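Dear colleague,

Please find the structure below, handed over for your study. A description of what was found in it follows.

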Amino acid sequence: MKTSAQMALEEMTLGVWRVLTETTLGLATRWRMFSSLIPTIHRFVSDVYTVGSGHLILIFLCKVWSSFEDVLLLYLSSKILTVIEVGLKEGKPDTTAVVIAVTARTLVVAISACVESWRARAASIMENRVTHHFAERIFSFHTSPPTAKLETDMPTSHGTIAAKDYNNEDASLSAQPVWENFMSVTEVAAIGLQAINPTYVRLQALRRLGDDQYRQDIISDNIGDYILQEYEDAQKGLEDVETDHPLILYDNHRSLLSSISLDIAGDLAMLFYAVNAIRNPDKFTLTTIAMLQHSESTLQRTFYRGIGEIREVTRGMNFMKRLYKICNLTNVIKDGVLKYPSTDQADTPEPLSSWHSFSPLRNVTFSYPGGEANAKALDNVTLSIKSGQLVVLVGANGSGKSTIVKLLVRLYDPTSGQVLVDSQDIQNYSLADLRAATASLTQDHHLYPLSLAENIGLGDSRRVADGDAITDAARRGGADGFVSKLKEGYATVLDPQTDWSTMHVKSSDGTPLAKEMEKLEKSTDISGTIKLVIADEGSSALDPQAEWELFKNLREHRKGKTIMVFVTHRFGHLTKHADIILCMKEGRLVESGTHEDLMKIPDGEYSKLYAIQAKAFDSATV
Ligand SMILES: Nc1ncnc2c1ncn2[C@@H]1O[C@H](COP(=O)(O)OP(=O)(O)OP(=O)(O)O)[C@@H](O)[C@H]1O
C-alpha cells in the first residue's frame with residue numbers, strides 16, 4: 001500500500017496484530033528521498049541558525065566531539081594497555097607513561113561529561129527557541145508576505161488541504177516536533193496497529209468481564225462457569241500465536257535482517273585485526289586482543305546510532321518540507337494600493353444632495369472554492385443602490401445573501417464581474433483600509449477570548465486603547481448598561497476555554513446573557529471610522545425592536561455617510577423602513593424596491609416570503 005512517494009506503507013500480520021508500517025525502502029530510493037530533502041535541510045539549518053547561531057555551533061561541535069569520543073577513548077585505552085603489557089614483559093612498568101595515558105583518558109572522559117552537559121543545555125534552549133520560532137510562523141502575526149494560519153485568506157484556506165493541517169490552538173504543539181524530530185533518535189517503528197485475531201479479541205472481552213462493574217450481573221445471571229469455560233477455550237484457541245505488544249513483535253521481526261547486517265558490520269573490527277595478525281604476527285599482542293573486543297562493540301554502537309540518526313533526520317525533514325510548503329502559501333486575495341476612504345472623505349458627512357447611485361456589484365457570478373462543481377452561489381448579480389441608504393437583503397435560505405456580504409468585505413473575490421466601491425474596483429483598495437472602514441456583523445462573528453474593552457476596541461484596532469471611543473461604541477451598541485453592572489466592567493475577560501453559553505459574563509441569576517453578548521458584538525463593530533456597516537442577522541438574538549434601535553443609532557451617528565447593508569430573515573422595522581430591499585432567489589437578484597413596491601408585484605418572491613411569515617405569525621397568535 002502506497003500513499004505517497006514519501007510515505008509508502010506496508011501491512012503485515014504479527015502475532016495477533018495487524019501492523020501498518022512505513023515500507024522498508026531500498027538504498028537507492030532512500031538516497032533519492034534524502035537528496036530531495038537537501039534544500040529543506042539547508043533552509044531549516046539557516047532558519048535555526050538565525051534563532052541561535054551560537055547555540056547551534058555549540059551543539060554541532062559537541063556532536064563532532066561525541067563522534068570522535070569513542071575512537072579517542074579506544075586509542076587511549078589501547079595506549080594504557082600497551083604500556084602495561086610492555087611493562088609486564090620487561091618486568092619494569094613505565095610509571096610516567098602509565099600516569100600520562102591514564103590522565104589523558106580521564107581528561108577525555110571529564111571533557112565528554114562537560115560536552116554532554118553543554119550539549120543538553122544548548123539543545124534545551126534551542127528546542128524552546130525553535131519551537132517558538134516555528135509556532136509563530138504557523139500562527140503568523142508578523143510574517144511578511146502573509147504566510148500562515150492567521151493571515152491565510154478564505155479562498156486559500158478552502159483551497160489548500162495543507163493549510164488545514166495546522167490550527168491556531170495547535171500552533172505551538174505542531175512546532176514542537178520540528179526540533180524533536182530533527183534532534184531525537186527515538187524510533188517509532190509501527191504507525192498503525194489493530195488486533196485482528198478474533199480469538200484474542202474475544203479473550204480481551206472475556207477478561208473485561210472480571211471487572212467489578214459486571215460482578216453483580218454475572219452472579220445474578222449465574223454465568224461464572226460459562227465465562228470461565230469460554231476463557232479457557234479462547235486461551236487454548238490462541239495456541240502459540242504471539243500476543244506481545246506489537247512494537248516488541250515488530251522489533252523482533254525487523255531486527256532479524258538489520259541485526260545480521262549490523263552484527264557483520266560490528267565484526268569488521270575483528271576482520272581487520274585478523275588480517276593484521278596474519279600479515280604481522282609479531283605485532284599481535286594481548287592488548288590487540290583486548291582492543292579487538294572493545295572496538296567490536298564500539299563499532300556496532302556507532303553503526304546503530306548512525307542509522308537511527310539518518311532515519312530521524314529524514315523523518316524530521318519530511319515534516320519540515322510540509323511546514324515550509326504551508327509557510328510558502330500565497331494568498332489568493334491580493335492587496336491593493338489605493339487608500340480607503342481617501343483622506344478628504346474620511347470623516348466629513350456628505351450633504352444629502354451629493355448622494356449618488358452606485359453599483360457595488362456588477363454582473364457578479366461567484367462559486368465557492370472547494371464547493372460543488374458548477375454550483376453558483378451568485379449568478380450574474382448587479383446591485384444598484386445609493387450611498388447613505390439602508391439596504392436590506394432578503395431571500396430564502398441559500399439564496400446568496402451572505403455571499404454578497406462576503407464579497408463586499410472582500411473575504412472572497414468574484415469568479416467573474418466586479419465589486420465596486422466609490423466607482424473603483426474593490427481589488428484596487430488597501431485591504432487594511434477597507435476592513436478598517438467596514439463594520440461587519442456576520443452570522444459567524446465570534447467574540448474574542450479577551451477583555452470586553454478589547455473586544456469592542458478591536459472594531460478599529462488603532463483605537464483599542466481609547467477608553468472614550470470604547471464606551472461610546474458600547475453605548476451605541478446598547479452594551480454599556482450591562483457592562484457597567486459587571487464587577488470588572490470593561491476589563492472583564494471572556495474565558496477562552498468555555499463556549500458561548502458558559503462565558504464569564506452572566507446575569508445576576510447566573511443565566512448566560514446571550515442578548516447582552518449580541519449587543520456587545522454590535523458594539524465591537526461600530527467603534528471605528530466606518531463607511532460601510534454590514535449586519536448579517538441570520539442567528540441574531542436581537543429582537544426586532546433592538547435591531548431597529550441599533551440601526552437608528554448607527555444612522556444617526558453617521559448622518560447619511562455610512563452605507564448600511566442588513567441581511568435579515570425577519571420582516572419588521574428593517575424591511576418597512578429600508579430605503580431599498582434586495583430580494584434574492586437561488587443566487588439571483590429577483591426583485592428590488594421598497595416594501596410597498598415589492599408587495600405590489602403579483603406572485604413576487606418578496607410578497608411570498610412576507611406572506612409565509614405573516615401566516616406563521618397569525619397561527620402563532622391564534
Ligand atoms: N463556504 C461555502 N462553501 C461552499 N458553498 C457554500 C459556502 N457557503 C455558502 N455556500 C453555498 O452558497 C449558496 C449561497 O449561500 P449563502 O450563505 O450566501 O445563502 P444565504 O441566503 O445567506 O442563506 P442563509 O439565509 O441560510 O444564511 C448556498 O447554496 C450555500 O450552500
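In this predicted model, I404 is in contact with L361, L378, L383, L393 and M584, once its neighbours within four places in sequence are left aside. I404 is also among the residues with the most contacts inside the largest nonpolar core, together with L361, L378 and V565. That core has 31 residues. Several elements give two or more residues to it, including the strands β4 (357–366), β5 (378–386) and β6 (390–395), and also α13 (401–408). Further along the chain, β10 (532–536), β11 (563–567) and β12 (580–585) are among these elements as well. A second core, separate from this one, has 17 residues, among them I59, A122, F134 and Y324.

Nonpolar residues are also found on the surface. Y49, I57, F60 and L61 form a nonpolar patch there, and their accessible area together is about 420 Å². One of these residues, L61, belongs to helix α2, which covers residues 38–90.

The next site is a loop. S451 lies between β9 (438–441) and α15 (452–457). Is S451 buried or exposed? S451 counts as buried because its relative accessibility is 11%, and the cut-off for buried is under 20%. Leaving aside neighbours within four places in sequence, S451 is in contact with Y490, A491, T492 and V493. The C-alpha atoms of S451 and T492 are 5.2 Å apart, although 41 residues separate the two along the chain.

Aromatic rings deserve a separate paragraph. A search of the whole structure finds 6 aromatic pairs. One of them is formed by F366 and Y368, with 4.9 Å from centre to centre and 80° between the planes. This pair is edge-to-face because its angle of 80° is over the cut-off of 60 degrees. F366 counts as buried, at 2% relative accessibility, whereas Y368 is partly exposed, at 27%. Both residues form one aromatic cluster with Y412.

Finally, some values for the whole chain. The chain has 622 residues, and buried residues make up 40% of them. It contains 22 helices and 13 strands. Among contacts with a separation of 6 or more, 71% join residues that are 24 or more positions apart. The accessible surface comes to about 34800 Å², and carbon and sulfur atoms account for 58% of that area.

With kind regards

Key:
Residues are numbered from 1 along each chain as its sequence is written. This is a predicted model: local features need pLDDT of at least 70, side-chain atom pairs count only at pLDDT 80 or more; totals for chains, interfaces and linings use all residues. Side-chain values use heavy atoms; hydrogens and water are left out. A nonpolar core is a set of buried Ala, Val, Leu, Ile, Met, Phe, Trp, Tyr and Cys residues joined through side-chain atoms within 4.5 Å. Buried means under 20% relative accessible area, exposed over 50%, partly exposed in between (1.4 Å probe, protein chains only). Helices (H or I, at least four residues) and strands (E, at least two) are DSSP runs, numbered from the N terminus. Contact means heavy atoms within 4.5 Å. Patches are made of residues with over 30% relative accessible area and no salt bridge: like charges are joined within 9 Å, nonpolar side chains (Val, Leu, Ile, Met, Phe, Trp, Tyr) within 5 Å. Accessible areas come from the Shrake-Rupley method with a 1.4 Å probe; for residues, only the protein chains shown count as cover. A salt bridge is a side-chain nitrogen of Lys or Arg within 4 Å of a carboxyl oxygen of Asp or Glu. Rings of Phe, Tyr and Trp (its six-membered ring) pair if their centres lie within 6.5 Å; planes under 30 degrees apart count as stacked, over 60 as edge-to-face and the rest as tilted.
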